[in-house]
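Colleague: Could we go through this model together? I should like to begin with its surface.

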Amino acid sequence: FIDMLIVFVIYKLCMLISDKNYKISILITFVIDSILIITKFIVTRPQVFTYLFVLLIFFCLEFYIKNKSKKILLFLPIISLLQINFHASMWWLLIVFMIPYLFDGYNISFFCKDLYSKFPIIVAIIFMFIFALINPYGVEALKYVFNSYGVSYINNYVAEMRPLNINDIMGKFIFIVVILIYLIYVLGSRKKIKVRYLLLLLGTTYMSF
C-alpha cells in the first residue's frame, strides 16, 4: 500500500517537474520503484514512510515554486509531524533536503533560475520544528540521530549506518546508480541546471558515499 502511494507521488512529481511529459514520467517512476523493490528497500520498516514523506516534501516545494501557491506549504508541518512519529531518526533528513531550496532562485550565471520567495519556506520550516515536538519523546526524538550516529554497537547491526563499501554488492550497485545519474545530467541535459538540483545532486552523492 505504501509502495503504491510512493509510485503515485513519484509520478506526480515527475509530471510536475517535466511539464507533464507523460512518457519520461512513466519511465522514471518505473525505474525508481523497480530499484526500490529489487534492492529490498520496500520492507515492513519505518523507512518506507520516510521515502514517502521525503517525496511529498519535494512535491510541495516544487508545486509552490511552479504555481506560487503558498497554501501547499501548509502540508509541510503535517508531514513533519508524521515523520517524527513514524521514523524519528530520519526527521532531520526533511530539513536537509529543504536547504537547497533556500539557495535557489537567485541570478547566478550558468544556472537556470526560478524566482520565488524564500520567506514562506522559512516560515514552514519553523512550524515543522514546532510540530516535530508533538511526539512521545519531545526534544529527545529530535536529538536521537545525533546521539546514535557513529555508535559502534548500532553500526554493527544497522547496515544503513555504515559507510558505503564498494566491495559488496550493494556498494557496487549504489556506485553504478550514482555514476549513471551524473552521466544523464552531463549527456542528456540541454538546458542550464537549476541551483537546487545541483545542490541536491552533490549533497545526496556525499551522503551516499
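Colleague: Which residues form a nonpolar patch on the surface?

Modeller: The patch consists of I166, F175, I176, I179, L180, I181, L183, Y185, V186, L187 and F209, with about 1000 Å² of accessible area together. Patch residues have over 30% relative accessible area and no salt bridge (a side-chain nitrogen of Lys or Arg within 4 Å of a carboxyl oxygen of Asp or Glu), and nonpolar side chains are joined within 5 Å. Areas come from the Shrake-Rupley method with a 1.4 Å probe. The model is predicted: local features need pLDDT of at least 70 and side-chain atom pairs 80 or more, whereas totals for chains, interfaces and linings use all residues. Residues are numbered from 1 along each chain, and side-chain values use heavy atoms, without hydrogens and water.

Colleague: Where is F175 found?

Modeller: F175 belongs to helix α9, residues 169-188 (a DSSP run of H or I, at least four residues, numbered from the N terminus).

Colleague: Why does F175 count as partly exposed?

Modeller: Because its relative accessibility is 36%, and partly exposed lies between buried (under 20%) and exposed (over 50%).

Colleague: Turning inward, how many residues has the largest nonpolar core?

Modeller: This core has 41 residues, and L76 and I121 have the most contacts inside it. A core joins buried Ala, Val, Leu, Ile, Met, Phe, Trp, Tyr and Cys residues through side-chain atoms within 4.5 Å. Helix α3 gives the most, with 12 residues.

Colleague: What does L76 touch?

Modeller: Leaving out residues up to four places away in sequence, L76 touches I57, C60, L61, M98, A124 and M128, with contact meaning heavy atoms within 4.5 Å.

Key. Buried means under 20% relative accessible area, exposed over 50%, partly exposed in between (1.4 Å probe, protein chains only). Helices (H or I, at least four residues) and strands (E, at least two) are DSSP runs, numbered from the N terminus. Patches are made of residues with over 30% relative accessible area and no salt bridge: like charges are joined within 9 Å, nonpolar side chains (Val, Leu, Ile, Met, Phe, Trp, Tyr) within 5 Å.
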